[in-house]
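Colleague: I'm new to this one and would like a close look at a single part. Could you walk me through one helix and then show me what sits around it?

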Amino acid sequence: MKTSFPKDKIEIVLFESIHPDGVAELESTGYTVRTHKGALEGDALLEEIRRAHIVGIRSKTTLTGEVLERCERLLAIGCFCAGTNQVDLETAASAGIPVFNSPFSNTRSVAELTIAEIVCLHRRLTERSAAAHQGQWDKSASGSHEVRGKTLGIVGYGHIGSQVSVLAESMGMRVIYFDIASKLPLGNARQVGSMSELLAQSDVVTLHVPETGTTRGLIGRDELGRMRPGSYLINNARGTVVDLDALADAIRSGHLAGAALDVFPEEPARTGDPFVSPMQGLSNVILTPHIGGSTVEAQQAISLDVAHKLARFVDTGSTVGSVNAPEVDLPEQPTPEGGQRPHRILNFHRNVPGVLGQIHKAAAELRVNISGQYLRTREQVGYIVIDVDPSDGEEFVARINAIPETIRTRVLW
Ligand code: NAI
């Protein structure tokens, strides 16, 4: 009987110091894993990955269409981060290579930073600390407040916003939120009907919206003017959401008592590059270099999340969590008592009418016994998974491979 491709023959290459827990997870499933501390580019990158079945990267490795076209064995790509724009997703999809990422593993880290900043702004903590470092002893209560009883206004009540909500309430804050979608309130939080309502009622406004056409410039001069005198603004979402010149004026005029920003309309590409912002040097303004999600715990969670998704795809064909391939969530293949596990055929094909008909015609002609079938399409690509009786597998696969629209077929024997 034919057996699945041996696991230790699956070659995985991981770049950019991926957290060891994810590496261990992949090794424990039996794959051969090679790791690199940094990113590679050009010929060195190609040489290292051209025979790999799985490639894992973070943000500094670029996988262009040209590179992907030369990696014939590549089954899947893991982006061990939230972003995926370092990969040519379209070329990958049209070659039947799903790309996986981990968009929500750093949610808690961003929420905790936000909570820390709410307290820091209310106590002017960063200023007091900087002064003490410079030998100044400023032991005054002026401008310092407790957060208990204050109103926190959350804009965007998704993964991060809702976590901030729970943590803020546990410190005794009153929480209101505005979201374009109707969201179930957690704890005693209350959804308000408009941004204006939120801005007028909040002692602190924190932004947790994605970057979209409707959120670009969401907080400008008008919105800042509608915030309460002496209130604070936090932006740990995306830099384009806030007009920084208007915010700088609001701080200088004393209308706002402080702000915390982790993201900027233009951010330096790498550590050490110069950073310039109209917010620099302003009183009670905390500036951080887009580190909201950057914690060891988030790195660990990301590495495990992406490793699980990759292993699940290799072992079962499941594409759940893929950003570019049709998502198919597959159940385990049941093994009948005393019998053999069905063969699972995984086929990526060009999404044009008639492919399913050709597959079914082949099945009918070969009298293949199909025990399960799952199909999803996405833009140019279709993904079909078919479980068949073991005795029916090989010839059926040959017929599927002969269909001109087939991109690639893999079989779990
Ligand atoms: P999410 O998708 O779970 O939630 C976003 C929420 O915003 C959704 O409930 C959505 O309905 C709402 N929304 C969209 N447009 C809106 C609008 N115009 N007005 C009000 N609400 C609107 O996203 P998640 O994971 O909570 O992330 C939020 C933001 O945080 C994103 O911009 C993300 O890029 C950013 N982020 C920043 C990090 C950092 O290092 N500072 C790390 C991780 C995420």
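Colleague: Let's take α11: what should its 21 residues span at 1.5 Å a residue, and how far apart are its end C-alpha atoms?

Modeller: Happy to, and one thing before we start: this is a predicted model. At 1.5 Å a residue, the 21 residues of α11 should span 30 Å, and the end C-alpha atoms are 30 Å apart, so the two agree.

Now for what α11 hides. Its buried residues are Ala298, Ile302, Ser303, Val306, Ala307, Lys309, Leu310, Ala311, Phe313, Val314 and Thr316. Here's a handy bit of background for reading such a list: an α-helix has 3.6 residues a turn, so residues three or four places apart point the same way. Right after α11 comes Gly317, with a positive phi of about 90 degrees.

Let's zoom in on one residue of this helix. Phe313 sits in α11. Is Phe313 buried or exposed? With a relative accessible area of 2%, Phe313 counts as buried, because the cut-off for that is under 20%. If you set aside the neighbours within four places in sequence, Phe313 is in contact with Leu75, Ala76, Pro98, Phe100, Ser318, Thr319, Phe348, Tyr383 and Arg410. You can also look from Phe313 over to Asp329: the two are 16 residues apart in sequence, and their C-alpha atoms are 9.7 Å apart in space.

From here, α11 leads us to another helix. The buried residues of α1 have a cover that includes α11 (296–316), along with β1 (11–14) and β2 (32–35). As for α1 itself, which runs over residues 20–28, the buried residues are Gly22, Val23 and Leu26. Looking down the axis of α1, you'd find these buried residues within an arc of 100 degrees, so they line one face of the helix. Pro20 and Ser28 are exposed on the other side of α1.

The stretches on either side of α1 are worth a glance too. Just after α1, Gly30 has a positive phi of about 105 degrees. On the way in, the loop between β1 and α1 holds Ser17. Ser17 isn't a glycine, yet its phi is positive, at about 50 degrees. Its relative accessibility is 41%, so Ser17 counts as partly exposed.

There's a similar story elsewhere in the chain. Arg124 lies in the loop between α5 (107–123) and α6 (125–133). Arg124 is a residue other than glycine, and its phi is a positive value near 50 degrees. Arg124 is buried, though, with a relative accessible area of 18%.

Finally, let's step back to the whole chain. The protein chain has 13 helices and 16 strands, and its C-alpha trace spans about 85 × 45 × 40 Å along the principal axes. Of its 413 residues, 48% are buried. Among contacts with a separation of 6 or more, 63% are between residues 24 or more positions apart. On the outside, the chain exposes about 20000 Å², with carbon and sulfur atoms supplying 50% of that. As for charge, there are 40 positive and 49 negative side chains, and the centres of the two sets lie 2 Å apart.

Key. Residues are numbered from 1 along each chain as its sequence is written. This is a predicted model: local features need pLDDT of at least 70, side-chain atom pairs count only at pLDDT 80 or more; totals for chains, interfaces and linings use all residues. Side-chain values use heavy atoms; hydrogens and water are left out. Buried means under 20% relative accessible area, exposed over 50%, partly exposed in between (1.4 Å probe, protein chains only). Helices (H or I, at least four residues) and strands (E, at least two) are DSSP runs, numbered from the N terminus. The arc is that of the directions from the helix axis to the C-beta atoms. Contact means heavy atoms within 4.5 Å. The expected span of a helix is 1.5 Å times one less than its number of residues. Accessible areas come from the Shrake-Rupley method with a 1.4 Å probe; for residues, only the protein chains shown count as cover. Lys and Arg count as positive and Asp and Glu as negative; His and the chain ends are not counted. The place of a charge is taken as NZ of Lys, CZ of Arg, CG of Asp or CD of Glu.
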